[in-house]
Amino acid sequence: MEAIRAEGLTKRFGETIAVDGIDLSVTAGELFALVGSDGAGKSTTLRMLTGIMDASAGSVFVLGKEMSRYGKEVRGDIGYMSQRFGLYEDLTVEENILFFADIYGLPRRERRDRAEELLSFGKLTPFKKRFAGKLSGGMKQKLGLACALMHKPRVLFLDEPTNGVDPVSRRDFWRILHQLLAGGVTVCLATSYLDEAERCNRVALMDRGKILGCDSPAGLKKLMKGGVLEISTSQPRLAVRIVSAAFPPGSVALFGEKVHLYAVDPDEAQGLATARLREGRVEVTGVRRVEPSLEDLFVSLLRERH
């Protein structure tokens with residue numbers, strides 16, 4: 001069963017086209033990611049999918065109902081967490097959660113139990129009397145998620161949920177998401193973190209309002225033409241500068257202490273790269289072909305497009 005479907009979805013702001021006629025489908029119970037850099041159109045797409053923003057053209061269906069006609073009926077089954085912390089900083093953690101219970105009209109006999117359940121779920125119980133404005137970034141995000149889950153939505157939309165969050169909080173956040181998936185919730189999120197996209201069932205890669213590819217992480221990697229070379233050297237930053245001068249823009253990147261080189265003909269590229277590094281007196285300790293990551297693929301697709 002489809003939980004979300006968009007057909008020809010478009011958003012214009014004057015002369016600017018933020019989302020350009022995209023089609024997408026999300027299966028019920030799926031973890032789906034919209035991935036792209038800032039300005040790709042991810043947040044605008046999420047706002048149209050939730051009915052917060054009207055589309056300039058195209059249609060959105062959530063749980064089988066068209067949002068432009070039946071949005072009010074569907075909103076009780078939707079949870080949405082925006083990119084920026086949008087809760088009340090002068091209310092405590094517990095008061096924010098109970099406030100959302102009021103918004104969604106939860107019966108009073110259910111509110112307290114549901115609030116305690118969500119506080120425990122997000123490991124927020126010790127902080128329930130703390131003002132939201134005094135929370136860390138990671139705790140604010142978990143509070144935002146708890147509020148979005150108060151009414152037990154069937155479809156959850158998350159806009160950059162771990163942006164600016166510390167590694168431990170990111171790990172906790174993903175633990176919570178996988179528990180939600182196990183409970184049958186459909187999750188559609190926007191992120192600029194390619195490592196997070198690797199954890200999703202399917203991924204749509206976006207750039208300048210268009211979808212460049214949509215598939216499972218493994219399926220997307222098959223779109224990559226050529227291959228990726230990993231160059232090991234004791235001077236990786238200098239190596240990046242030297243190799244970059246010999247290849248098209250966007251072909252070379254630093255991954256930790258390794259240099260990644262994207263090339264249509266990896267064998268020919270290896271010869272040219274090692275020759276240039278020798279000329280620059282940079283010792284190469286190893287070169288090998290590696291499995292491309294989503295980041296490798298995304299960079300290569302952007303290079304081809306631009």
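In this predicted model, one side of helix H10 carries the exposed residues Asp267, Glu268, Arg278 and Glu279. The other side presents a contrast. Pro266, Ala269, Ala273, Thr274 and Leu277 of H10 are buried. These buried residues cover an arc of only 125° around the axis, which puts them on the same side of H10. Their packing partners are strand S11 (227–233), helix H9 (236–244), strand S13 (258–263) and strand S14 (284–290).

The length of H10 was also examined. The helix has 14 residues, 266–279. At 1.5 Å a residue, H10 should span 20 Å. Its end C-alpha atoms are 20 Å apart, so the expected span and the model agree. Just after H10, Arg281 takes a positive phi of about 60°.

Strand S13, one of the elements against which the buried residues of H10 pack, has six residues. Five of the six are buried, so S13 is largely enclosed by the rest of the structure.

S13 pairs with S11 and with S12. Six bridges join S11 to S13, and these two strands run antiparallel. Here, Glu230 stands opposite His260 of S13. Strand S12 (residues 252–255) is joined to S13 by four bridges, again in an antiparallel arrangement. In this pairing, Ala253 has His260 as its bridge partner. His260 of S13 thus faces Glu230 and is also the bridge partner of Ala253.

S12 and S13 form a hairpin with two residues between the strands. In this hairpin, Gly256 takes a positive phi near 65°.

Methods: Residues numbered from 1 in each chain as written. Predicted model: local features only at pLDDT ≥ 70, side-chain atom pairs only at ≥ 80, totals over all residues. Heavy atoms only, no water. Expected span 1.5 Å × (residues − 1). Buried < 20%, exposed > 50% of the residue type's maximum accessible area, 1.4 Å probe, protein only. Arc of directions from axis to C-beta. Contact = heavy atoms within 4.5 Å. Pairing = 2+ DSSP bridges.
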